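Reader: I'd like to learn how to read a model like this one. Could you walk me through the features, one at a time?

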Amino acid sequence: MTSTTTVSVGLPVEHRDRLMRLAREVSFGAGTRLFEEGRRADRFWVIRTGTVLLDLHVPGRGAAVIESLGHGELLGWSWHYPPYVWQLGAGALSPVRAWEFDAETVRALCARDPAFGRSIATWVGRVVTHRLQASRIRLLDLYAPYGSGSRA
Amino acid sequence: MSDVPVPHLVTGMRRETADTVSLTLTPAGQEALEPFAPGQFAMVYAFGVGEIPVSVSRVGRRELVHTIRSVGAVSAALCALRPGSQVGLRGPFGTGWELERAAGQDIVAVTGGIGLAPLRPLVLAARAAHRAYGRLNLLVGSRTFEDLLYADQVRAWAESHGPLLCRATVDRPSPGWWGHVGLVTTLLNSARFVPENTTAYVCGPEVMIRATARDLLHRGVRADRIRVSLERNMRCATGHCGHCQLGGVLMCRDGPVIGWDRAASLLMVREL
Amino acid sequence: MTNNPATGVLDRDGLSALIEVLAAQGRTVIGPTVRDGAIVLAEIGSADDLPFGWGSEVEAGRYRLVPRADGAVFAHTAGPQSWKTFLHPQREKLWSAERTPDGALSVTEDDPEQTSYAFLGVRPCDLRAITIQDRVLAGGRYPDRGYRERRTGAFLIAAECTEPGATCFCVSMGGGPAVDGSGFDLALTEVLDQGGHRFLVRVGSEAGRDALDGVPHAPADAETEYAARAAVDAARDRMGRAMPPVDLRTLMGESLEADRWDDVAARCLTCGNCTMVCPTCFCTTTEEVTDLTGDHAERWLRWDSCFDVAFSHLHGGPVRASARSRYRQWLTHKLSTWYEQFGSSGCVGCGRCVTWCPVGIDITEEAAALHDERAGRLRHEKQKETQR
């Protein structure tokens, strides 16, 4: 499937292959917590099937869902930027199959091979800008009355 | 041609959300309008209040369904109608989605908010004749679960394994929400289509249309095969009142559905 | 047009007779009259109602009637009205609707005004304007029934121009002071010389021939024809203004982000005068009117202006909130996007918008400034290109 942010398109073939050699196949049952806000971001995933919810804990409201991620998408980018701490929490909504990557290994490879490092940085950066832009648009509350696409 | 509104009886009223209803309208007398194509609109007349353009959200044999959100005087009056009341209708007006031009291609319909209403007849038509097309995708964006139009139908589509791949997403999830969370464009990742052989149909607020069309274009869908439904002030629907101009486009005549190849540059200019 | 058999010469009495013949056919004859210090189009009963001995002095934002010693009747320039006042009136009832006690609705189309008009003294620019409005209002998929009926029944007597005003620029819009082609029933050219005050008449239709046959007239003589042609030819070279000699359609299309719009917006009052006096501006809005019982409603059409902030209203607010965007809408529509919509320019160069603008904004000056700005921009881009 084509996408500007999925790993299949977001990375040049050569670098994608190198990254995929570091992948570990994992699966999670529905309801599994993958990471928590404020904890060390020591790994990341590319989702193959299933849905993962990103959330923030709000006292009295529990986990407020920010966004859902599905097939082909990068789960987690905090591992790429210091201080390597998760900004959100994540949990599996449905059974999830994913490729898991160890953050330190990938960062080390990035440091050793600047061309690979640039590709990874560009890919992660594109995912982040994409999600930022989507969040900005959602801030507009476009579908509310008067901001909506209704006629009159 | 209808110079004056043709009386129609409200034969059905369904509350879709807190501020949106669907009216089923059947000709009150002998006179009926010409058949509507998906994407076309009618001028709906509320007696003593005025007229507004509303796209058809379902086309039956004799009856038409219009889904109307109460945001102004006329739409509020229409939303307050009950079965047995009458409204006037003129139409059909404007360009339709022109589904027939997508024969043999994958179809991606992307909707935001009430933009699902004008696309529903297209989805129904494509689904009914799905062998004429490639893969069918419907991506639905809504503010909340409570604001989702045709929620039961959308859920049934989303859970079925039929010819239509349907995904829905909301900006803010509430308890019981069964779909995705996020902007509708993110659903494109899970849609099944070959961009080079795809026709896309986009309907929703202009910002959502711009973001979606840009994403589709980037993925490789041809600009002229991204069909968007735009909105401008419409008074007459017959090309005479001048209100609905967007550059050289008279929206009631040349639109509301136009290709992104034409729309892109027009939407780039502020206050055009 | 020499040796054209369908010509004749009328004197003032002949003109009066023509008005009577047309009135006898049941037509309402409309022509230029002097009222409130301006040339006003109104019903006329005889040639005496016409503005004999009146000319006009116009400039950007200025209009004044001046007496003329020669007694000419068609030596004035366009007044504040145009023929759209009659063909596309300011207010028109579209339909009436009734609601019965059981909730049933009945809608009755209003029968368009059955007036059969004769227009006397239609200038070539206004003749072109009528052709343009024909395409807009009667040419599309949904012809405006009222307009079409009034238009089909109208008898047009054109008057060629021999005294263009300082705000006239029809020649640079592809027109000119002569009536050519078709689209008229009779065409007059005023001649004032030693031979007397007279009007060369050309026939443009069967109805025109019948009307001319019904009034005393002399056959066209070579002197009158020559004098008429000479006067119109001379007028061609005496236009007070001109559009820049460039493709205005492209110029506007490439100037949507120009700085000049800010400049003109600082002067423009967005009063909409230009749209009211423009002979091609056609925009309208609708009003719903109900009576006290609430069982009877009427739908009315009235002129609207793209300078009105509510014009582009879209639930929540206007699309064109700034004066800059509204002036740009008017000018680019008139000179450019009109082609896409209706196959021609929307400007005939009559100069009314220049004359009747309260702050004297001049469409030709604005077009020239946009042209200069674009030329400067292109030069700049070229320089950057060569420097690279």
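Author: Sure, we'll go from whole chains down to single residues, and keep in mind that this is a predicted model.

Reader: Let's start with chain C, then. How many helices and strands does chain C have?

Author: Chain C comes with 12 helices and 16 strands. Its C-alpha atoms fill a box of roughly 80 × 65 × 35 Å along the principal axes.

Reader: What radius of gyration does chain C have, and what would a compact globule have?

Author: The idea is to set the value beside what a globule with that number of residues would give. For 388 residues, a compact globule would be near 21 Å; chain C has 23 Å, which agrees.

Reader: And how is chain C divided into domains?

Author: There are two entries in the assignment: domain 1 covers 7-89 + 106-236, and domain 2 covers 248-387. The C-alpha centres of domain 1 of chain C and domain 2 of chain C lie 28 Å apart. Their contact takes 28 residues from domain 1 of chain C and 30 residues from domain 2 of chain C.

Reader: Now burial. What share of the residues in chain C is buried?

Author: A residue counts as buried when its relative accessible area is under 20%. In chain C, 55% of the 388 residues meet that. As for the outside, chain C exposes about 16200 Å², with 50% of it supplied by carbon and sulfur atoms.

Reader: How should I read the contacts in chain C by sequence separation?

Author: Take the contacts between residues at least 6 apart in sequence, and ask how many of them reach much further along the chain. In chain C, 71% of these contacts join residues at least 24 apart.

Reader: And the charges: how far apart are the mean positions of the positive and negative ones in chain C?

Author: You average the positions of each sign, then take the distance between the two averages. With 42 positive and 56 negative charges, chain C has mean positions 7 Å apart.

Reader: Let's run chain B through the whole list. What does chain B look like?

Author: Chain B has 6 helices and 15 strands. Its radius of gyration is 18 Å, close to the 19 Å from the globule rule for 272 residues, so chain B is as compact as a globular protein of that length. The C-alpha trace of chain B spans about 45 × 45 × 35 Å along its principal axes. Buried residues account for 66% of the 272 in chain B, and its accessible surface is about 9000 Å², of which 51% belongs to carbon and sulfur atoms. For contacts between residues at least 6 apart in chain B, 70% join residues at least 24 apart. The mean positions of its 29 positive and 23 negative charges are 3 Å apart.

Reader: On to the backbone. Which peptide bonds and phi values deserve a look?

Author: The general picture is that most peptide bonds are trans, and most residues other than glycine have a negative phi. Here, a cis peptide bond joins A:Pro82 and A:Pro83, with omega about 10°. A:Pro83 is found in the loop between β6 (74-75) and β7 (89-92) of chain A. The bond from B:Gly91 to B:Pro92 is cis too, with omega near 0°, and B:Pro92 lies in strand β6 (residues 86-93) of chain B.

Reader: Where does A:Asp141 lie, and what is its phi?

Author: A:Asp141 is in the segment after α4 (114-139) of chain A. Its phi is near 50°, a positive value in a residue other than glycine. B:Glu271 has a positive phi as well, about 60°, and lies in the segment after α6 (260-268) of chain B. At 27% relative accessibility, B:Glu271 counts as partly exposed.

Reader: One last thing: how do I read the surroundings of a single residue, say B:His180?

Author: Look at its element, its accessibility, and what it touches. B:His180 lies in strand β10 (residues 180-181) of chain B and counts as buried at 16% relative accessibility. Its contacts include A:Thr51 and A:Ser68 from chain A, along with B:Arg167 and B:Leu187.

Technical notes: Residues numbered from 1 in each chain as written. Chains lettered and ligands numbered in written order. Predicted model: local features only at pLDDT ≥ 70, side-chain atom pairs only at ≥ 80, totals over all residues. Heavy atoms only, no water. Helix = DSSP H or I, 4+ residues; strand = E, 2+ residues; numbered from the N terminus. Rg over C-alpha atoms; globule rule 2.2 N^0.38 Å. Buried < 20%, exposed > 50% of the residue type's maximum accessible area, 1.4 Å probe, protein only. Contact = heavy atoms within 4.5 Å. Areas by Shrake-Rupley, 256 points an atom, 1.4 Å probe, with all protein chains shown as cover. Lys, Arg positive; Asp, Glu negative; His and termini not counted. Charge placed at Lys NZ, Arg CZ, Asp CG, Glu CD. Domains from an automatic or database assignment. Lists of a residue's contacts leave out its neighbours within four places in sequence.
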